[in-house]
Amino acid sequence: MLDLVMLDRDGVINVDLPTSVRSWKEFTFLPSVENAIHTLNQAKIPVAIITNQAIVGRNELSLEELNNIHLQMQKSLMEKGAHIDHIFFCTDTTIEPHYRRKPAPGMLLEALKHFNARPAHSYMIGDALRDLEAAYYAGCQRILVRTGKGIITEKDGIPTFLEPLPIYDNLLTAVKALLEKLDDFSANAYITEHH
Ligand SMILES: [Mg+2]
């Protein structure tokens, strides 16, 4: 069973920019992301975004513009038959670390509650260590993707407490692997049940 898939945004869904995404014009989907999200939608698995957006807290991006970016993102996804079920964001800055800001697990705990999802049956997919740490603190499964900062994160070394940590090239390969695992699991459950 897979209750919930949580995705980091920058570097997983869209191209991460050193200056952060400040408008819809600067938002570029990574390849095959729409397909990956559509695949989860088809499998009826809730999809949430869990994103730190300190840029808002630093007053470099208005809340209106952040909401507009997410609205346009959803519209663009809808055109491909895909959608995000809920977006959780944290505008707190690094200077005032908060319970919600990753690597703290606050947003993930909110998402688990929102979707009535079991942590052990929920995944966080991210490109940075803080995504994986937040997943660990929330008791969730975790996956690293090699998009965004992912390759650097992998090269820098993964702390052992975060293992097991499957690593995939991008969101689509991660999602496909997750669903395959689910299929195997269902098949096994079927065998157990019927023999
Ligand atoms: Mg990221």
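# Briefing: fold, magnesium site and pockets

Of the 195 residues in the chain, 47% are buried. The model is a predicted one. Its chain holds 7 helices and 6 strands, and a magnesium ion is bound through protein donors from Asp 8, Asp 10 and Asp 127. The largest pocket has a volume of about 320 Å³, and the second largest has about 180 Å³.

**Overall architecture**

- Read from the N terminus, the order of elements is β-α-β-α-α-β-α-β-α-β-α-β-α. The radius of gyration is 16 Å, close to the 16 Å that the globule rule gives for 195 residues, so the chain is as compact as a globular protein of that length.
- The C-alpha trace spans about 60 × 40 × 30 Å along the principal axes of the chain.
- Considering contacts between residues at least 6 apart in sequence, 63% join residues that are at least 24 apart.

**Magnesium site**

- The ion has OD donors from Asp 8 and Asp 127 and an O donor from Asp 10, at 2.1 to 2.2 Å.
- The spacing of these donor residues along the sequence is D-x1-D-x116-D. Asp 8 belongs to the loop between strand S1 (4–7) and helix H1 (33–42), while Asp 127 belongs to the loop between strand S4 (122–126) and helix H5 (129–138), so the pair ties together parts that are 119 residues apart in sequence.
- Both Asp 8 and Asp 127 are buried.

**Largest pocket**

- The lining of the largest pocket comprises 19 residues, and those nearest its centre are Asp 10, Ser 20, Asn 52, Arg 130 and Lys 149. Strand S2 (47–52), helix H2 (54–57) and H5 are the elements that each give two or more residues to this lining.
- Asp 10 therefore has two roles in this description, as it is a magnesium donor through its O atom and a residue of the pocket lining.
- Sorted by class, the lining of the largest pocket has 10 charged, 5 nonpolar and 4 polar residues.

**Second largest pocket**

- Ten residues line the second largest pocket, with Met 1, His 121, Tyr 123, Lys 181 and Leu 182 nearest its centre.
- Helix H7 (residues 171–194) supplies the largest share of this lining, namely 4 residues.
- The lining of the second largest pocket has 7 nonpolar, 2 polar and 1 charged residues.

**Helix H4 and its surroundings**

- The buried residues of helix H4 (residues 106–114) include Gly 106, Met 107, Leu 108, Ala 111 and Leu 112.
- Among the elements covering the buried residues of H4 are S1, S2, strand S3 (86–90), S4 and H5.
- Asn 116 follows H4 and has a positive phi, near 50 degrees.

**Glu 34 in helix H1**

- Glu 34 is a residue of helix H1. Its relative accessibility is 13%, and because buried means under 20%, Glu 34 counts as buried.
- Leaving aside residues up to four places away in sequence, Glu 34 touches Phe 29, Leu 77, Lys 80 and Ala 82.

Notes. Residues numbered from 1 in each chain as written. Predicted model: local features only at pLDDT ≥ 70, side-chain atom pairs only at ≥ 80, totals over all residues. Heavy atoms only, no water. Donors = N, O, S within 2.8 Å, 3.2 Å for Na, K, Ca; no water. Buried < 20%, exposed > 50% of the residue type's maximum accessible area, 1.4 Å probe, protein only. 1 Å grid on protein atoms, 1.4 Å probe; cavity = no way out; pocket = protein on both sides within 12 Å on 5 of 7 lines; lining within 4 Å. Points joined across faces, edges and corners; volume = space filled by probe spheres on them. Nonpolar A, V, L, I, M, F, W, Y, C, P; charged D, E, K, R; others polar. Rg over C-alpha atoms; globule rule 2.2 N^0.38 Å. Contact = heavy atoms within 4.5 Å.
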